[in-house]
Amino acid sequence: EGNLPAGTVFSLEGPLGPNVAVSSTASFTGGNDISVPAPSKMDYERLRQQLLATLQDQADADLAVSMGSGEQMLAGTIKLDQVLEESLLPEVGSPGDRLRLSLRAEFSGYSISVADLNQLAEITLDANLPAGQRAVPASLTIESTRQPKILTSGRIEWQVTASRKIIPDLPRQDLQKA
(Lines give C-alpha, C1' and ligand atoms only; values in the text may rest on other atoms or scores of the structure.)
Protein backbone atom coordinates (compact mmCIF):
# COMPACT_ATOMS: atom_id res chain seq x y z
CA GLU A 1 0.00 0.00 0.00
CA GLY A 2 3.00 2.36 -0.05
CA ASN A 3 3.61 2.42 3.74
CA LEU A 4 7.31 2.10 4.56
CA PRO A 5 9.31 2.16 7.81
CA ALA A 6 11.97 4.79 8.60
CA GLY A 7 15.39 4.04 7.12
CA THR A 8 14.06 2.53 3.89
CA VAL A 9 16.54 3.00 1.05
CA PHE A 10 15.24 4.03 -2.37
CA SER A 11 17.11 3.80 -5.64
CA LEU A 12 16.38 5.56 -8.87
CA GLU A 13 15.73 3.98 -12.23
CA GLY A 14 17.61 5.06 -15.32
CA PRO A 15 21.23 5.98 -15.96
CA LEU A 16 21.72 7.70 -12.56
CA GLY A 17 20.24 4.76 -10.62
CA PRO A 18 23.48 2.99 -9.67
CA ASN A 19 25.05 6.26 -8.48
CA VAL A 20 22.20 7.70 -6.39
CA ALA A 21 20.41 6.32 -3.33
CA VAL A 22 18.01 8.02 -0.95
CA SER A 23 16.96 6.88 2.50
CA SER A 24 13.99 8.11 4.52
CA THR A 25 14.51 9.29 8.12
CA ALA A 26 10.80 9.05 8.86
CA SER A 27 8.29 6.39 8.00
CA PHE A 28 5.75 6.80 5.23
CA THR A 29 2.16 6.16 6.21
CA GLY A 30 -1.24 6.61 4.61
CA GLY A 31 0.01 5.54 1.20
CA ASN A 32 -1.90 3.47 -1.32
CA ASP A 33 -1.25 1.67 -4.57
CA ILE A 34 -1.99 3.56 -7.73
CA SER A 35 -2.98 1.62 -10.80
CA VAL A 36 -1.28 2.88 -13.92
CA PRO A 37 -2.62 1.68 -17.27
CA ALA A 38 -0.30 -0.32 -19.45
CA PRO A 39 -1.17 -1.29 -23.03
CA SER A 40 -1.49 -4.99 -23.71
CA LYS A 41 -0.56 -6.91 -26.83
CA MET A 42 -4.28 -7.09 -27.65
CA ASP A 43 -4.59 -3.27 -27.36
CA TYR A 44 -1.83 -2.83 -29.92
CA GLU A 45 -3.21 -5.51 -32.22
CA ARG A 46 -6.63 -3.84 -32.21
CA LEU A 47 -5.04 -0.44 -32.90
CA ARG A 48 -2.85 -2.00 -35.64
CA GLN A 49 -5.89 -3.48 -37.42
CA GLN A 50 -7.73 -0.14 -37.25
CA LEU A 51 -4.71 1.75 -38.55
CA LEU A 52 -4.13 -0.74 -41.39
CA ALA A 53 -7.80 -0.45 -42.41
CA THR A 54 -7.49 3.35 -42.46
CA LEU A 55 -4.25 3.15 -44.46
CA GLN A 56 -5.87 0.74 -46.93
CA ASP A 57 -8.79 3.14 -47.47
CA GLN A 58 -6.29 5.97 -47.99
CA ALA A 59 -4.25 3.85 -50.43
CA ASP A 60 -7.44 3.06 -52.36
CA ALA A 61 -8.29 6.77 -52.61
CA ASP A 62 -4.70 7.74 -53.50
CA LEU A 63 -4.42 5.11 -56.23
CA ALA A 64 -7.77 6.12 -57.72
CA VAL A 65 -6.68 9.78 -57.85
CA SER A 66 -3.25 8.98 -59.31
CA MET A 67 -4.69 6.98 -62.21
CA GLY A 68 -5.22 8.56 -65.55
CA SER A 69 -8.68 8.97 -67.00
CA GLY A 70 -8.04 5.95 -69.19
CA GLU A 71 -7.79 3.55 -66.24
CA GLN A 72 -10.25 2.29 -63.67
CA MET A 73 -9.44 0.74 -60.28
CA LEU A 74 -10.97 -2.66 -59.70
CA ALA A 75 -12.92 -2.30 -56.46
CA GLY A 76 -11.85 -4.57 -53.64
CA THR A 77 -8.43 -5.44 -55.06
CA ILE A 78 -6.35 -3.13 -52.84
CA LYS A 79 -4.27 -5.29 -50.51
CA LEU A 80 -1.43 -4.88 -48.05
CA ASP A 81 1.86 -6.00 -49.59
CA GLN A 82 4.12 -5.38 -46.61
CA VAL A 83 4.63 -3.30 -43.50
CA LEU A 84 7.88 -1.41 -44.05
CA GLU A 85 8.20 0.17 -40.58
CA GLU A 86 6.36 -0.26 -37.32
CA SER A 87 6.98 1.38 -33.97
CA LEU A 88 4.93 1.45 -30.80
CA LEU A 89 5.14 3.53 -27.67
CA PRO A 90 5.07 2.61 -24.83
CA GLU A 91 6.22 -0.99 -25.13
CA VAL A 92 3.69 -3.72 -24.34
CA GLY A 93 3.30 -3.93 -20.56
CA SER A 94 5.05 -0.60 -19.85
CA PRO A 95 2.99 2.07 -18.10
CA GLY A 96 1.30 4.67 -20.24
CA ASP A 97 -2.12 6.18 -20.68
CA ARG A 98 -1.73 6.68 -24.44
CA LEU A 99 -0.85 4.32 -27.23
CA ARG A 100 1.20 5.44 -30.17
CA LEU A 101 1.59 3.24 -33.20
CA SER A 102 3.38 4.33 -36.35
CA LEU A 103 3.19 2.26 -39.52
CA ARG A 104 4.62 2.67 -42.96
CA ALA A 105 3.03 0.17 -45.31
CA GLU A 106 2.98 -0.71 -48.99
CA PHE A 107 -0.29 -1.51 -50.77
CA SER A 108 -1.09 -2.60 -54.31
CA GLY A 109 -4.22 -2.94 -56.38
CA TYR A 110 -5.43 -3.84 -59.83
CA SER A 111 -6.78 -1.58 -62.54
CA ILE A 112 -8.05 -2.04 -66.06
CA SER A 113 -7.79 0.06 -69.16
CA VAL A 114 -11.20 1.63 -69.82
CA ALA A 115 -10.53 1.43 -73.58
CA ASP A 116 -9.80 -2.32 -73.33
CA LEU A 117 -12.95 -2.92 -71.27
CA ASN A 118 -15.07 -0.92 -73.73
CA GLN A 119 -13.56 -2.76 -76.70
CA LEU A 120 -14.23 -6.14 -75.10
CA ALA A 121 -17.82 -5.13 -74.34
CA GLU A 122 -18.40 -3.87 -77.90
CA ILE A 123 -16.98 -7.07 -79.45
CA THR A 124 -19.24 -9.17 -77.24
CA LEU A 125 -22.31 -7.05 -77.94
CA ASP A 126 -21.54 -6.97 -81.70
CA ALA A 127 -21.41 -10.77 -81.73
CA ASN A 128 -24.97 -10.80 -80.38
CA LEU A 129 -26.35 -7.89 -82.42
CA PRO A 130 -29.68 -8.86 -84.04
CA ALA A 131 -29.76 -8.85 -87.85
CA GLY A 132 -30.90 -5.55 -89.31
CA GLN A 133 -29.86 -3.56 -86.19
CA ARG A 134 -26.91 -1.32 -85.45
CA ALA A 135 -25.49 0.23 -82.30
CA VAL A 136 -26.15 3.85 -81.42
CA PRO A 137 -22.75 5.53 -81.13
CA ALA A 138 -21.64 6.55 -77.61
CA SER A 139 -24.52 4.67 -75.93
CA LEU A 140 -22.37 1.95 -74.30
CA THR A 141 -22.67 1.61 -70.51
CA ILE A 142 -20.74 -0.86 -68.36
CA GLU A 143 -21.53 -1.63 -64.74
CA SER A 144 -19.82 -4.06 -62.37
CA THR A 145 -22.37 -6.51 -60.98
CA ARG A 146 -19.95 -8.39 -58.72
CA GLN A 147 -16.83 -7.37 -56.90
CA PRO A 148 -13.65 -8.68 -58.54
CA LYS A 149 -12.19 -11.86 -57.07
CA ILE A 150 -8.45 -12.51 -57.18
CA LEU A 151 -7.90 -16.20 -57.93
CA THR A 152 -4.98 -18.23 -56.60
CA SER A 153 -3.54 -18.31 -60.13
CA GLY A 154 -3.23 -14.50 -59.96
CA ARG A 155 -6.02 -13.97 -62.48
CA ILE A 156 -8.91 -11.69 -61.66
CA GLU A 157 -12.49 -12.65 -62.26
CA TRP A 158 -15.52 -10.41 -62.02
CA GLN A 159 -18.82 -9.87 -63.68
CA VAL A 160 -19.97 -6.77 -65.55
CA THR A 161 -23.14 -5.87 -67.38
CA ALA A 162 -22.67 -4.05 -70.67
CA SER A 163 -25.52 -2.52 -72.60
CA ARG A 164 -26.09 -0.07 -75.43
CA LYS A 165 -28.92 1.23 -77.51
CA ILE A 166 -29.60 -0.27 -80.90
CA ILE A 167 -31.70 0.98 -83.79
CA PRO A 168 -32.82 -0.51 -87.10
CA ASP A 169 -30.13 -0.38 -89.75
CA LEU A 170 -32.09 1.00 -92.68
CA PRO A 171 -30.63 0.55 -96.16
CA ARG A 172 -29.38 3.78 -97.73
CA GLN A 173 -31.83 3.61 -100.68
CA ASP A 174 -34.79 3.45 -98.22
CA LEU A 175 -33.56 6.63 -96.54
CA GLN A 176 -33.20 8.47 -99.88
CA LYS A 177 -36.82 7.68 -100.84
CA ALA A 178 -38.17 9.31 -97.70
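**Exercise 1.** In this predicted model, classify D81 as buried, partly exposed or exposed, and identify the residue whose side chain meets that of D81 in a salt bridge.

*Solution.* Step 1: the relative accessibility of D81 is 36%. Step 2: buried requires under 20% and exposed over 50%, with partly exposed in between. D81 therefore counts as partly exposed. Step 3: the side chain of D81 forms a salt bridge with that of K79, at 3.0 Å from N to O. Step 4: K79, at 38% relative accessibility, also counts as partly exposed.

**Exercise 2.** Determine which elements are linked by the salt bridge of E86 and R48, and classify each residue by accessibility.

*Solution.* Step 1: the N to O distance in this salt bridge is 2.9 Å. Step 2: E86 lies in strand β4 (residues 79-89) and R48 in helix α1 (residues 41-66); the two are 38 residues apart, and the pair links distant parts of the chain. Step 3: E86 has 39% relative accessibility and is partly exposed. R48 has 18%, so this residue counts as buried.

**Exercise 3.** Locate D169 and R134 in the chain and state their accessibility.

*Solution.* Step 1: the side chains of D169 and R134 meet in a salt bridge of 3.7 Å, N to O. Step 2: D169 is in the loop between β12 (166-168) and α3 (172-177), while R134 is in strand β7 (residues 133-135), 35 residues apart. Step 3: D169 is partly exposed at 44%, and R134 is partly exposed at 37%.

Key:
Residues numbered from 1 in each chain as written. Predicted model: local features only at pLDDT ≥ 70, side-chain atom pairs only at ≥ 80, totals over all residues. Heavy atoms only, no water. Salt bridge = Lys/Arg side-chain N within 4 Å of Asp/Glu carboxyl O. Helix = DSSP H or I, 4+ residues; strand = E, 2+ residues; numbered from the N terminus. Buried < 20%, exposed > 50% of the residue type's maximum accessible area, 1.4 Å probe, protein only.
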